[in-house]
Amino acid sequence: MISFDDVHTFDRCPYAYKLDKTEAFPDKITLSECLSQSVRDAIHECSERRIIGYRIDEESVLESFWNQWDKYFTKVYNPNRDDPMQFIRIGEKCIRNFVSLSSEYAFSEIVASFMQGTLILPNGIEIRVNAEEVGRKNSTVTITKYITSVQVEPNEKLEYDLEMSALALWAMNNLNTEQVIRRWVFLLQKITSEIPADKASCTESMKDLSDKIKNMNSENPLPHESEYCPMCPYQSRCPRFLHELSVMKTGPDEGVKLADEYLEIEKKKQALKNRIELLTAEQDQIKAKIVAFSDSNGYMSIKGSDGKLLIRHEKKVELPDDKTKIVERLKTTGQYDSISMPNYPRLRSDIAKGIADPAIVEMANIISIGKIYIKKEK
Ligand code: SF4
């Protein structure tokens with residue numbers, strides 16, 4: 001059965017996800033995973049004690065964190081690549097903030113910690129959901145997710161947290177309530193965000209989750225370069241890094257020479273582009289003056305010494321970003337089918353990903369085109 005750990009690993013890098021699932025190093029983790037897992041397990045231990053009535057104190061939770069860290073650290077791939085002490089300090093800070101926030105959190109009583117359940121998605125796929133903490137006060141259930149990363153998401157983004165939407169639906173189905181509050185605790189920043197779950201929108205978002213899971217079975221997943229790469233156990237086998245590692249071993253080759261030539265031309269193109277932007281801005285100012293001059297004199301063309309300029313007034317239509325009302329109007333007046341179009345960009349993307357209807361794929365012509373994107377070195 002698929003889990004959200006699988007979904008997160010896939011989001012981080014589809015290529016690494018596939019390797020994780022098929023062949024190498026299934027037991028290895030990164031330092032940030034070691035940190036996250038140790039903090040989570042320490043919180044789990046502590047929550048279990050809280051449920052049976054124990055008060056929590058910082059020292060014992062920290063001790064639990066260190067014990068968990070020792071356990072998980074043995075699994076870390078290449079542990080000295082980054083400074084482990086830095087990660088331990090982050091973990092300690094998360095634990096201190098957790099203890100402090102826990103003493104303030106009196107809204108609901110914790111009834112369960114690290115509860116697991118199963119949700120069936122619209123396409124019939126079963127996904128495992130994991131509630132790190134469940135609280136209940138009267139008929140309101142609060143589900144909590146602890147976050148150890150440095151990034152804080154604004155509330156609009158949290159609304160699209162598919163894991164929490166799935167968990168909220170699971171809670172509604174299994175805990176006999178429609179009133180579920182999603183609670184995110186950003187441990188490092190000591191910030192808490194709470195958003196009530198709406199059943200209709202959570203159900204709607206499960207369609208996106210189903211689509212995403214369909215993509216996870218792609219035959220040829222692409223590597224996704226990110227800040228995770230320096231810690232990735234698969235770097236030595238990753239097509240994104242093979243040339244780099246080969247140059248480190250054997251020195252510059254033909255590839256380095258070609259890349260340098262390409263980047264040199266790119267620099268020249270950039271200088272020209274900057275110059276063109278300046279000229280365009282200058283020209284736009286003159287254009288405004290020409291239009292004003294021709295309008296005030298009733299001219300439709302202006303003669304210069306070397307050529308002639310034609311002045312036209314054309315209409316540019318801009319639609320509002322939110323097109324709900326337009327679509328409603330088109331539907332109620334029977335114009336929708338004749339005016340709207342199928343979503344061709346989406347269809348092309350599904351064909352390229354290999355998830356489109358095979359009968360339509362057969363009708364398409366799929367060409368492989370080599371493109372070059374430049375990655376700026378920091
Ligand atoms: S090195 Fe980066 S891009 Fe390559 S497999 Fe690992 S995470 Fe993906």
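Let me begin with the overall layout: in this model, the centres of domain 1 and domain 2, taken over C-alpha atoms, are separated by 48 Å. I should say at once that the model is a predicted one, and that the domain assignment places domain 1 at residues 2-236 and domain 2 at residues 266-340.

From there I would like to turn to a pair of helices, namely helix 1, which covers residues 4-12, and helix 2, which covers residues 14-22. Their axes come within 5 Å and cross at roughly 135 degrees, and because angles between 115 and 145 degrees fall into the oblique class, helix 1 and helix 2 are oblique to each other. On the side of helix 1 the contact is made by T9, F10 and R12, while helix 2 contributes P14, A16, Y17 and D20. If we sort the residues of this contact by character, 4 are nonpolar, 1 is polar and 2 are charged.

The other place I want to show you is G91, a residue of helix 5, which runs over residues 84-104. Is G91 buried or exposed? It counts as buried, because 25 C-beta neighbours lie inside 10 Å, and the cut-off for that class is 20 or more. Once its neighbours within four places in sequence are left aside, the residues in contact with G91 are L35, S38, V39, F65 and W69. Finally, if we look further along the chain, the C-alpha atom of G91 is separated by 7.8 Å from that of T148, although G91 and T148 are 57 residues apart along the chain.

Note on methods: Residues numbered from 1 in each chain as written. Predicted model: local features only at pLDDT ≥ 70, side-chain atom pairs only at ≥ 80, totals over all residues. Axes fitted to C-alpha atoms, helices over the stretch in contact; angles between N-to-C directions. Helix = DSSP H or I, 4+ residues; strand = E, 2+ residues; numbered from the N terminus. Parallel < 35°, antiparallel > 145°, perpendicular 65-115°, else oblique. Contact = placed C-beta atoms within 7 Å. Nonpolar A, V, L, I, M, F, W, Y, C, P; charged D, E, K, R; others polar. Buried ≥ 20, exposed ≤ 12 C-beta atoms within 10 Å, placed from the backbone. Domains from an automatic or database assignment.
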